[in-house]
Amino acid sequence: MLTLKETVERILSELTLTPPQILVLAESFRAAMEAGMRGKESSLKMLPSFLGKPAGNETGTYAAIDFGGSKVRVLRVKLQGRRQVEIVRQKVFELQDVMKRINGRAADMTGSALFEGIAAALQEVLIPDAPVSLGHAFSFPFRQLGVNQAVLIRWTKEIKASAVEGEDVTRLLTKALAAKQMNYVTPAAVVNDTVGTYLASAYDEPATLIGSICGTGHNSCYLGAYDGKEMIINLESGNFDRVAPTVYDQVLDADSDRPGEQRLEKMVGGRYLGELFRLIIVDLIEKNLLFRDRREKFYLSPYQLKTEDLSVLLNPEEQESPGTSKFAEKYGLQDVRIEEYGVLRQIASAILTRAARLVGISYLGILAQVAQSAGKRYVVAMDGSLYEKNPQFASQLQYIIKTYSRHSVGVKMVKNGSGIGAAIAAAVADGEKRIKIAKF
Ligand code: BGC
């Protein structure tokens, strides 16, 4: 029988990535990109966006929807050219509130109710009857057939709205807009949120190479080439499947809505890290190694413990003693032994460190695939609360890039960039349409 210390050491070592593992994984990520691009079997879908780098001189007023999973943001955005953007109006809704207006209960989420709810939200920031082009940031994997045609491959982040998978989301949105007498809105472009984040950054920073989200979900896109044309490619990197899972990763995956899918996202996404932590702690309790006389205190239901709680637990300003810790107070653990509290912190830290390093490794893979001469300057455009609110996550990610990349890579936070990026996408699409019409 292993002691608490021995068991924790074993878990920590399973969560630790050694330098050789880091290099092997980065290469395996790069190889998966290449295979995906060649249409070979790969966990990376490499989805073309039909958009390249914006010029920075796009102008006009556009509408935008940013549907990320748990929230819906609607905006009216003025692109001023000269790399400047102004948000004229915006509103943010919790998805459940959007749904409640339509069918009273989020549980009966059908595709048409979802898009009607989104259209109703959008109505609140637009000038009625004033014609406007719309960019739609849709944070799910979709196969793009054109700049404003996107067939949802499958829902992620545990969203379940019926009758959307396999459908063109622009068609569903157009139908919803018509049902709300909003024919003055023309959907011009649909982008993944990583692509939106990329565009928002590249509008004023031409060195942007990668757009990435580290929030509830995880994914990246990069500026590559498709059919010989410069194009932003959505990797759907959350589906990368070459990282060896611990037994806890396996349990989390098996109990999720979509076992076998989004394996990387389940190791790095804010939706999952709190649950991974809970699974490890419950295992230590079941093994009779932790909280012996007060084990019932930690019997929480799945997903009750949030990733934000891990940040609270690791907050450097928090005392290292359970008696005064906000985390311990929230979960009624103030009177556990200080060693036990230390174990909680060690595990939380290892989970966040592994997550950040895995994301960093995926950037190394992208850089190896696209960046040519050493020493170039690149920017990663980043959005998402995990990166923003976790100093440990941010520093571990930067540590990986600094230590292992031959280039000078900076991470730039582009908060809520995907909505702005969607507006830029609409402007680029409208511009291209005008050029085509002018040619005929
Ligand atoms: C989706 C991606 C999205 C990411 C971040 C993932 O679950 O598959 O399309 O970019 O979440 O929102």
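**Exercise 1. The chain as a whole**

How much area does the chain expose, and what share of it do carbon and sulfur atoms supply? Then judge the overall dimensions of the chain.

Solution. The model is predicted.

Step 1: The exposed area of the chain is about 18,700 Å², and 50% of it comes from carbon and sulfur atoms.

Step 2: Turn to the radius of gyration. A compact globule of 440 residues would have a value near 22 Å, and the chain has 23 Å, so the two agree.

Step 3: The C-alpha trace spans about 80 × 55 × 40 Å along its principal axes.

Step 4: Burial and contacts complete the description. Of the 440 residues, 57% count as buried. Take the contacts between residues at least 6 apart in sequence: 67% of these join residues at least 24 apart. The secondary structure consists of 15 helices and 13 strands.

**Exercise 2. The ligand site**

Describe the shell of residues around the ligand, its polar contacts and the burial of the ligand.

Solution.

Step 1: The shell has 15 residues, of which Thr156, Lys157, Asp193, Glu236 and Glu265 come nearest to the ligand.

Step 2: Sorted by class, the shell holds three nonpolar, eight polar and four charged residues.

Step 3: List distances to oxygen atoms of the ligand. Glu236 places a polar side-chain atom 2.6 Å from a ligand oxygen. For Glu265, a polar side-chain atom lies at 2.7 Å from an oxygen of the ligand. Phe140 takes part through its backbone, with an N or O atom 3.4 Å from a ligand oxygen.

Step 4: Taken alone, the ligand exposes 310 Å², and the protein buries 98% of that area.

Step 5: Assign the shell to secondary structure. Helix α6 (193–202) and strand β10 (218–226) are the elements that give two or more residues to the shell.

**Exercise 3. Helix α10**

Why can helix α10 be called largely enclosed by the rest of the structure? Identify the helices around it.

Solution.

Step 1: Helix α10 covers residues 307–314, and six of its eight residues are buried, so the rest of the structure largely encloses it.

Step 2: The buried residues are Thr307, Asp309, Leu310, Ser311, Leu313 and Leu314.

Step 3: These buried residues pack against α9 (270–286), α11 (326–330), α12 (338–370), α13 (385–389) and α14 (391–404).

**Exercise 4. Two loop residues**

Are His407 and Leu300 buried or exposed? Place each in its loop and list its contacts beyond four places in sequence.

Solution.

Step 1: The cut-off for buried is under 20% relative accessible area. His407 has 9% and is therefore buried. Leu300, at 12%, also counts as buried.

Step 2: His407 sits in the loop between α14 and β13 (408–413). Leu300 belongs to the loop between α9 and α10.

Step 3: Beyond four places in sequence, His407 touches Leu367, Ala371, Gln372, Ser373, Ala374, Gly375, Lys376 and Tyr378. With Lys376 there is also a polar approach: the His407 side chain reaches the backbone nitrogen of Lys376 at 3.4 Å.

Step 4: By the same count, Leu300 touches Arg278, Leu305 and Tyr331.

Step 5: Check one long separation. Leu300 and Ile65 are 235 residues apart along the chain, and their C-alpha atoms are separated by 35 Å.

Notes: Residues numbered from 1 in each chain as written. Predicted model: local features only at pLDDT ≥ 70, side-chain atom pairs only at ≥ 80, totals over all residues. Heavy atoms only, no water. Near = heavy atom within 4 Å. Polar contact = N/O pair within 3.5 Å; in protein donor to acceptor, adjacent residues only side chain to side chain. Areas by Shrake-Rupley, 256 points an atom, 1.4 Å probe, with all protein chains shown as cover. Helix = DSSP H or I, 4+ residues; strand = E, 2+ residues; numbered from the N terminus. Nonpolar A, V, L, I, M, F, W, Y, C, P; charged D, E, K, R; others polar. Buried < 20%, exposed > 50% of the residue type's maximum accessible area, 1.4 Å probe, protein only. Contact = heavy atoms within 4.5 Å. Rg over C-alpha atoms; globule rule 2.2 N^0.38 Å.
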